[in-house]
Amino acid sequence: TPEPLQWEEFGDSCYYFSDTTEQWENAKKICAAVNSHLIIINSNTEQNFVVQKIKQTSVWLGLHDTEVEGTWRWVDGSLLERNGYWKSGEPNDAHGAEDCAVLYKEKNWNDIPCDKNVQFVCEKSALS
Ligand code: 2F8
Ligand code: CA
């Protein structure tokens, strides 16, 4: 029998920090399979919480511009508002091949190729 996932509560959400690395689409599917979604960062407070739990160097965000280059959307379909927390010079769509976003331990974001293998964080409501 599989172990239940270890969810951590913060604010109104629960978070699962993966040990495995996955390509972005697969990470997205894994979160959906456990009634959650890749993390959507709504505040500096939330980002700081996630950052201090990062096990390696970075985690996938639920943020991509796979539909329209340069238009960054969260996995709930909402547009990225404000400027986000991009690292200086990012997002740069390096080699025309960077459509998925990561959060680094340094508390900033970068766009990288979606087929990279990266740890990820799933988020779900703590209330429902
Ligand atoms: O210089 C910024 C640039 O650094 C790397 O490419 C050399 C990053 N690539 C990966 O992490 C895969 C780029 O995303 C980043 O823009
Ligand atoms: Ca980049």
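I began with Trp72 in this predicted model, and I noted that Trp72 is buried, its relative accessible area being 8%, which falls below the 20% that I take as the limit for calling a residue buried. I then placed Trp72 along the chain and found that Trp72 sits in the loop that runs between β4 (58–64) and β5. For a partner distant in sequence I looked at Cys100: 28 residues separate Trp72 from Cys100 along the chain, while their C-alpha atoms are 9.0 Å apart in space.

Next entry, the calcium ion. I listed the protein donors of the calcium ion (ligand 2) as Glu90 (OE), Asn92 (OD1), Glu98 (OE), Asn110 (OD1), Asp111 (O) and Asp111 (OD), and I recorded that they lie 2.3 to 2.5 Å from the ion. I wrote Asp111 down twice, since this residue appears in the list with both O and OD. Read along the chain, the donors of the calcium ion (ligand 2) follow the spacing E-x1-N-x5-E-x11-N-D. I checked where two of these residues belong: Glu98 is in the loop between β5 (73–74) and β6 (100–104), whereas Asn110 is in strand β7 (residues 109–112), so the pair ties together parts that are twelve residues apart in sequence. Are Glu98 and Asn110 buried or exposed? I found both Glu98 and Asn110 to be buried.

Next entry, ligand 1. I looked up what surrounds ligand 1 and noted Glu90, Asn92, Glu98, Asn110, Asp111, Ile112, Pro113 and Lys116. By character, I sorted the residues of this shell into four charged, two polar and two nonpolar. I then went through the polar contacts: an N or O atom in the side chain of Glu98 is 2.6 Å from an oxygen atom of ligand 1, a polar side-chain atom of Asn110 lies 2.9 Å from an oxygen atom of ligand 1, and for Asp111 a backbone N or O atom lies 2.9 Å from an oxygen atom of ligand 1. On its own, ligand 1 has 400 Å² of accessible area, of which I recorded 48% as covered by the protein.

Last entry, helix α1. In α1 (residues 24–33) I marked Trp24, Ala27 and Cys31 as buried. These three cover an arc of only 60° around the axis, and therefore they are on the same side of α1. Turning to the other side of α1, I marked Lys29 and Ala33 as exposed.

Terms used
Residues numbered from 1 in each chain as written. Chains lettered and ligands numbered in written order. Predicted model: local features only at pLDDT ≥ 70, side-chain atom pairs only at ≥ 80, totals over all residues. Heavy atoms only, no water. Near = heavy atom within 4 Å. Polar contact = N/O pair within 3.5 Å; in protein donor to acceptor, adjacent residues only side chain to side chain. Areas by Shrake-Rupley, 256 points an atom, 1.4 Å probe, with all protein chains shown as cover. Nonpolar A, V, L, I, M, F, W, Y, C, P; charged D, E, K, R; others polar. Donors = N, O, S within 2.8 Å, 3.2 Å for Na, K, Ca; no water. Helix = DSSP H or I, 4+ residues; strand = E, 2+ residues; numbered from the N terminus. Buried < 20%, exposed > 50% of the residue type's maximum accessible area, 1.4 Å probe, protein only. Arc of directions from axis to C-beta.
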